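Here are a few notes to help you find your way around. Have the viewer open as you read.

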Amino acid sequence: MEYVTLNNGVKIPQIALGVFMIPEDEDAKKACLSAFQLGYRHIDSAHHYYNEAGVGAAVRECGLPREELWITSKIWPDEYADETAIDKMLARFGLEYLDLVILHQQVGDYIAGYKNLEKAYKAGKVRAIGLSNFESERLEEVLAAAEIKPQIIQVEGHPYFQQAALKERVAPYGTRMEHWFPLGHGDANLINEPVFTELGKKYGKSNVQIILRWHLQMGNIPLPRSTNSAHQKDNIDIFDFQLTADEMEKIKALDQGKRYWTLTLEQQEEKFLDIKLAE
């Protein structure tokens, strides 16, 4: 396992198992236990993934020291102003602390939400705090209001959408980037790009493994999702080779600004409102 040092000196495992769209606690628990056995030490969950209890059960039952594991969750906008939101989150996990808690979307009362993250950080309930999907000017609004600058920003990121501009925006704060859709939402066109096939043959790796290795060397923290133990094993088998500078440049040339999640800020606001009305 490789690690990234955050702006508060804490080290985070550089690849995670994402558990998005694994809504049954028992399924999430099994996926996490499998991942822990294979060497994963980082799980990325969220309140609105509806599987925090399953992840927490895996942490308690895996037999690994708690301090070796990194457990992330995200607060949904309707909880931002709730000062007890993280206590409720800890209760759902059945854990005494979380390693990272982030605001899930750039809507709602996100300033109050971030202030509550800072309080939880100071109280020792979380080891790091951050933002997810904050790519509008609201990012700078939070950064200006923040006493504790975010350790993490989590966004869509892959070779077709490399997020260079966003990385520059957060670099002065030492904020590191986590990437969901690290494989381009499974886009076969991306995965089968000739450069990945060529490099896969050179290093004896799959195209997916080449992409994930690219993420690591870019300093990204990828969050690939899988409930299949064979795929989990392949995704983490990326620490025994290194891409050259020239090979990294070839992959850089693939950047075309292509997103797979295309909601505008206005649509995000509407979607959040629709979810609130439905609850």
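The points below go through three residues, beginning with Glu-156.

1. Before the details: this is a predicted model, where local features need pLDDT of at least 70, side-chain atom pairs count only at pLDDT 80 or more, and totals for chains, interfaces and linings use all residues. Numbering runs from 1 along each chain as its sequence is written, and side-chain values use heavy atoms, with hydrogens and water left out.

2. Start at Glu-156, in strand β8 (residues 152-156); strands here are DSSP runs of E, at least two residues, and helices are runs of H or I, at least four, numbered from the N terminus. Glu-156 counts as buried because its relative accessibility is 0% (buried is under 20% relative accessible area, exposed over 50%, partly exposed in between, with a 1.4 Å probe and protein chains only).

3. What does Glu-156 touch, leaving aside neighbours within four places in sequence? Its contacts (heavy atoms within 4.5 Å) include Phe-161, Gln-163, His-179 and Lys-258. Its side chain also reaches the backbone nitrogen of Tyr-260 at 2.7 Å, and a polar atom of that side chain lies 3.2 Å from the backbone nitrogen of Trp-261.

4. Now Gln-163, one of the residues in contact with Glu-156. Gln-163 sits in the loop between β8 and α6 (164-170) and is buried at 6% relative accessibility. Its phi is positive, near 65°, though the residue is not glycine.

5. Have a look at Asn-133 too, in the loop between β7 (129-132) and α5 (138-145). Asn-133 is not a glycine, yet has a positive phi of about 70°. Buried or exposed, then, for Asn-133? Buried, as its relative accessible area is 5%.

Notes
A polar contact is a pair of N or O atoms within 3.5 Å; within protein, one must be able to donate a hydrogen and the other to accept it, and residues adjacent in sequence count only if both atoms are side-chain atoms.
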